Amino acid sequence: MMSVLYQKAEEQFKKRLPFVLYSKPGETTVVGIFQKDASLHFTTDFKEEGFVFAPFQGEQFVLLPKEKSDVFTEAYTRIAIENNNTVFGADVAAKENFEQLVQNGVDAICKGDFKKVVLSRKETVSLENVTPFELFKKLLLAYPAAFKYCFFHPEIGMWLGATPEQLLKASGDRIKTVALAGTQVYHEGEIKWEIKEQEEQEFVTEFILEGLEDYAAEKNSSKPYTFRAGNIVHIKTDIEARLHERQDLGKIIKMLHPTPAVCGLPKEASKKFILENEGYDREYYSGFLGELNRDFAKDKPENSDLFVNLRCMKLQNGKANLYIGCGITKDSIPEKEFIETVNKSLTLKNILG
């Protein structure tokens with residue numbers, strides 16, 4: 001399956017040269033971008049063409065530039081596979097630590113420090129003789145509605161993920177984004193949302209619409225609806241706008257990132273709490289990634305397709321570091337929030353298991 005593309009990726013990996021393999025939601029094409037040197041390139045104004053990989057914190061927006069890379073695309077056949085929803089045991093210490101972190105977040109909200117904060121944890125799983133490329137193939141088949149990727153840079157490491165969340169889609173002066181919040185395990189029948197989850201989603205929608213005020217000539221938003229991503233569902237609102245100036249794209253990306261869905265509201269206060277209390281470095285988890293100023297599969301300029309880096313893992317020394325988080329409001333119950341992170345971790349554990 002896609003032997004030429006994977007062969008190229010394996011050669012690139014052996015030479016310790018940067019590359020990315022990715023497939024967009026609903027598509028059956030894999031794009032491979034293979035940088036010709038091992039340099040670490042960055043974008044500051046988001047005017048270049050290439051693939052961007054950005055961290056949660058700071059402005060070191062890594063770029064695989066089109067002009068310094070070879071680009072290949074290949075089609076693959078989508079085969080429906082069942083997610084096995086394997087049951088994994090929870091680490092007692094991890095549970096206690098995360099529940100205490102959530103309680104601290106709730107206390108800070110009740111004190112009026114911020115309205116919402118997104119708190120996360122890292123979980124390490126041993127890998128049994130599996131290559132990143134085998135894992136990427138599994139992601140392709142298991143999560144057709146997500147953005148699936150396998151990214152490597154010798155100075156950053158090997159990252160894989162299947163994220164359900166769009167940061168921004170741009171074509172010329174038109175942009176689309178989403179507000180996504182709330183999480184529960186998917187089940188047949190009507191999905192009911194609690195007031196806490198509906199409020200959390202409203203916070204996110206308001207933040208985005210207010211942020212676009214200075215840049216958009218017109219903007220529209222859908223009613224909130226239930227959106228399925230693998231074995232879980234979220235509340236989602238679609239937002240569209242037309243920009244005054246196409247050159248403002250970089251400013252909008254910086255305004256949106258990190259979104260309230262991965263950080264909180266107000267953004268600066270919740271981000272400060274995360275950096276001071278989470279107790280680990282998120283690195284590229286809850287950053288963003290994707291095509292910058294070119295649709296590589298269709299070879300069209302002035303098209304950007306960026307996603308929030310959720311449901312992701314970093315492979316290191318025979319282990320996979322999984323990153324999982326959830327939105328905390330004044331009504332959050334620490335034990336329930338820990339269970340939410342366990343449910344979210346299944347997206348990746350199902351393909352590791």
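Here a visitor and a guide talk about cavities and salt bridges in a predicted model.

Visitor: How many cavities of 30 Å³ or more does a search of the whole structure find?
Guide: Rolling a probe the size of a water molecule over the atoms shows where empty space is left. The largest cavity holds about 250 Å³ of space, and the second largest holds about 40 Å³. In the whole structure, the number of cavities of 30 Å³ or more is two.

Visitor: Which element gives the most residues to the lining of the largest cavity?
Guide: This cavity is lined by 24 residues, and among those closest to its centre are T183 and K344. Elements giving two or more residues to the lining include β7, β11 and α4. The top contributor, with five residues, is β21.

Visitor: Is R294, the salt-bridge partner of E49, buried or exposed?
Guide: Side chains of opposite charge can pair when their charged atoms come close. In the pair of E49 and R294, the closest N and O atoms are 2.9 Å apart. E49 sits in the loop between β3 and β4, while R294 is in strand β17, 245 residues away. Buried means under 20% relative accessible area, and R294 has 11%, so R294 counts as buried.

Visitor: Where does K36, the partner of D70, lie?
Guide: D70 and K36 form a salt bridge with their closest N and O atoms 3.8 Å apart. D70 is partly exposed at 30% relative accessibility, whereas K36 is exposed at 54%. The pair ties together parts 34 residues apart in sequence, because D70 lies in strand β6 and K36 in the loop between β2 and β3.

Key
Residues are numbered from 1 along each chain as its sequence is written. This is a predicted model: local features need pLDDT of at least 70, side-chain atom pairs count only at pLDDT 80 or more; totals for chains, interfaces and linings use all residues. Side-chain values use heavy atoms; hydrogens and water are left out. On a 1 Å grid over the protein atoms alone, a cavity is a set of points where a 1.4 Å probe fits but cannot get out, and a pocket is an open set with protein on both sides within 12 Å along at least five of seven lines; lining residues have an atom within 4 Å of a point. Grid points are joined across faces, edges and corners, and a volume is the space filled by probe spheres set on the points. Helices (H or I, at least four residues) and strands (E, at least two) are DSSP runs, numbered from the N terminus. A salt bridge is a side-chain nitrogen of Lys or Arg within 4 Å of a carboxyl oxygen of Asp or Glu. Buried means under 20% relative accessible area, exposed over 50%, partly exposed in between (1.4 Å probe, protein chains only).
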